[in-house]
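Visitor: Please take me in close on one part of this model, then show me how it sits among the rest. I'd like the criteria spelled out as you go.

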Amino acid sequence: MKGQVYISDVAKHVGEEITIKGWLYNIRSSGKLMFPQLRDGSGIIQGVVFKKNIPESVWEACKNLTQESALIVKGTPRADERAPGGFELDVTDVEVIQVAHDYPITPKEHGIEFLMDHRHLWLRSRRQHSILKVRAEIIRAVRDFFDDRDFTLCDTPIFTPAACEGTTTLFECDYFDDEKAYLTQSGQLYNEATAMAFGKVYCFGPTFRAEKSKTRRHLTEFWMVEPEIAYATLEDVMELAENFITFIVQRVLERRKEELKVLERDISKLENIAPPFPRLHYNDAAKMLKEGGLAFEYGGDLGAPDETFLSEKYDKPLMVHRYPAPVKAFYMEPDPVDQNLSLSVDILAPEGYGEIIGGGQRMVSLDKLRERIAEHNLPESAFDWYLDLRKYGSVPHSGFGMGIERCVTWLCGIEHVRETIPFPRMLYRLKP
Ligand code: 4AD
Ligand code: MG
């Protein structure tokens, strides 16, 4: 904006009088000095208001300032090693735009439900700001990674006629004329169509799961990025996935150091993330779980405690591959070595964060795919277009999906996925 300098840019204006437009984050005073902290969305800077340097009216206005009041401040930035962002602002003038009365979120501790109810305001706090800046950086890295490798972005629909990831987590809604539609669980089936048209594609958008589970990993609405490649095998996409994750981690370390510091993230845990990632066959994972004394039955899916147990043994993301077909979706290609297993992979983030990526090689045979659709009690009529892909030039192809919020949770080193999206949707949370 004309005549306005953002706090993130003050380094370029040292010694110059500038204008900052923002809000009061916090204020302390001692005698003839006041120290208002200003935020403008790009950062926070501490101002110094010295009574003898400003008009009496400005001093009086500052005395009545309250948290989150809107302000336009003039001042001169000065480098100060002790200041959080490296600079302080010698304030020369303050114009109060609006006084905020009784801002509900104060520097004292609040309970999580209270904060979630005030999510629209909580977003202004330093911690939430840092998490969402990391999220935005991850999303930019995701797009750069695929765009730079000549993947074509092909958006997939949100209203769909059928399930992709099992019928138990479908959100159903009324469409027109008594028809039902379902909110998409994954863009994969459509990706398979666009991959046959474009070779290498990705989709990136919101996906929906009617998850009745109230865990720290589950949202009902989350963002997923899904690449899909014609002629690629399981091994090909495992290699792509390790390069993809490494790229994202490097980018965040490079560009979001300050935010990771605010979050007190131990970045030494991220710095050594590089290919190759460890690969663990499901059968070997099962053995390790048995030997570790976990209540795990061979043939079953990995539960959260199993994932935590396994991923804690490695300091890099762990790729568990070849899960039993019955615990995976209908479209997985069987493992030629053992038809009971599937050419699938889950990538488990270290430090106990668990699954962040799921993917695999897709069933190539028309007849076997038809059988699977029937076995999973899915209506074949909804999949006729999908089966066409196996009639007209069917080739091996593979892909994966990464949940953005799971990735943000891990990179930020935080406890719960609810803080990683501006307005989370969960089992008991639809507001604000
Ligand atoms: O493992 P999922 O269900 O795989 C698929 O949807 C495939 N069709 C993807 C593909 O191959 N194109 O989901 C993929 C990822 C998970 O690894 C996880 O990161 C995330 O999506 N995810 C969730 N994130 C937050 N809340 C939930 N309820 C999630 N369910 C899955
Ligand atoms: Mg999965």
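**A closer look: from one loop to the ligand**

Guide: R322 has its place in the loop between β13 (318-321) and β14 (334-335); helices (H or I, at least four residues) and strands (E, at least two) are DSSP runs, numbered from the N terminus. Keep in mind that this is a predicted model, in which local features need pLDDT of at least 70 and side-chain atom pairs pLDDT 80 or more, while totals for chains, interfaces and linings use all residues, and side-chain values rest on heavy atoms, with hydrogens and water left out. As for labels, residues count from 1 along each chain as its sequence is written, with chains lettered from A and ligands numbered from 1 in the order in which they are written.

What's odd about R322 is its phi, which is near 65 degrees, a positive value in a residue other than glycine. Most residues other than glycine have a negative phi, and most peptide bonds are trans. R322 counts as buried, at 14% relative accessibility; buried means under 20% relative accessible area, exposed over 50%, and partly exposed in between, with a 1.4 Å probe and protein chains only.

Now hop over to D178, in the loop between β8 (172-174) and β9 (180-183). Phi of D178 is also a positive value, near 65 degrees. D178, however, is exposed, with a relative accessible area of 80%. The backbone has a couple of cis bonds to show you as well. One runs from P275 to P276, with omega near -5 degrees, and P276 is in the loop between α8 (268-271) and β12 (279-281). From K431 to P432 the peptide bond is cis too, omega again near -5 degrees; P432 belongs to the segment after α13 (404-412).

So much for the backbone; on to the ligand. A shell of 23 residues surrounds ligand 1, and the closest are E165, Q188, E226, E355 and I356 (near means having a heavy atom within 4 Å). Sorted by type, the shell holds seven nonpolar, eight polar and eight charged residues; here Ala, Val, Leu, Ile, Met, Phe, Trp, Tyr, Cys and Pro are nonpolar, Asp, Glu, Lys and Arg are charged, and the others, Gly among them, are polar. Which strands each supply at least two residues of that shell? They are β11 (221-230), β17 (354-361) and β18 (397-403). The largest share, five residues, comes from β17.

Three N or O pairs are worth picking out. The side chain of R209 places an N or O atom 2.9 Å from an oxygen atom of ligand 1. A nitrogen atom of ligand 1 lies 3.4 Å from a polar side-chain atom of E211, and a backbone N or O atom of R217 is 3.5 Å from a nitrogen atom of ligand 1. Ligand 1 exposes 630 Å² when taken alone, and the protein buries 94% of that, the areas coming from the Shrake-Rupley method with a 1.4 Å probe.

The space ligand 1 takes is the largest pocket. A pocket, on a 1 Å grid over the protein atoms alone, is an open set of points with protein on both sides within 12 Å along at least five of seven lines, and a molecule sits in one if more than half of its atoms lie within 2 Å of its grid points.

Let me come back to E165, one of the closest residues to ligand 1. E165 lies in the loop between β7 (159-160) and β8 and counts as partly exposed, at 27% relative accessibility. From E165 to S186 is 21 residues along the chain, and their C-alpha atoms are separated by 7.3 Å. Strand β18, one of the shell's suppliers, includes G403, which is buried at 10% relative accessible area.

For a side-chain pair in a helix, try Q128 in α4 (residues 126-148). Q128 is buried, with a relative accessible area of 0%, and a polar contact of 2.8 Å joins the side chains of Q128 and R119. By polar contact I mean N or O atoms within 3.5 Å; within protein, one must be able to donate a hydrogen and the other to accept it, and residues adjacent in sequence count only if both atoms are side-chain atoms.

Zooming out, the protein has 13 helices and 18 strands, its C-alpha trace spans about 85 × 55 × 40 Å along the principal axes, and buried residues make up 51% of its 432 residues.

Terms used
1 Å grid on protein atoms, 1.4 Å probe; cavity = no way out; pocket = protein on both sides within 12 Å on 5 of 7 lines; lining within 4 Å.
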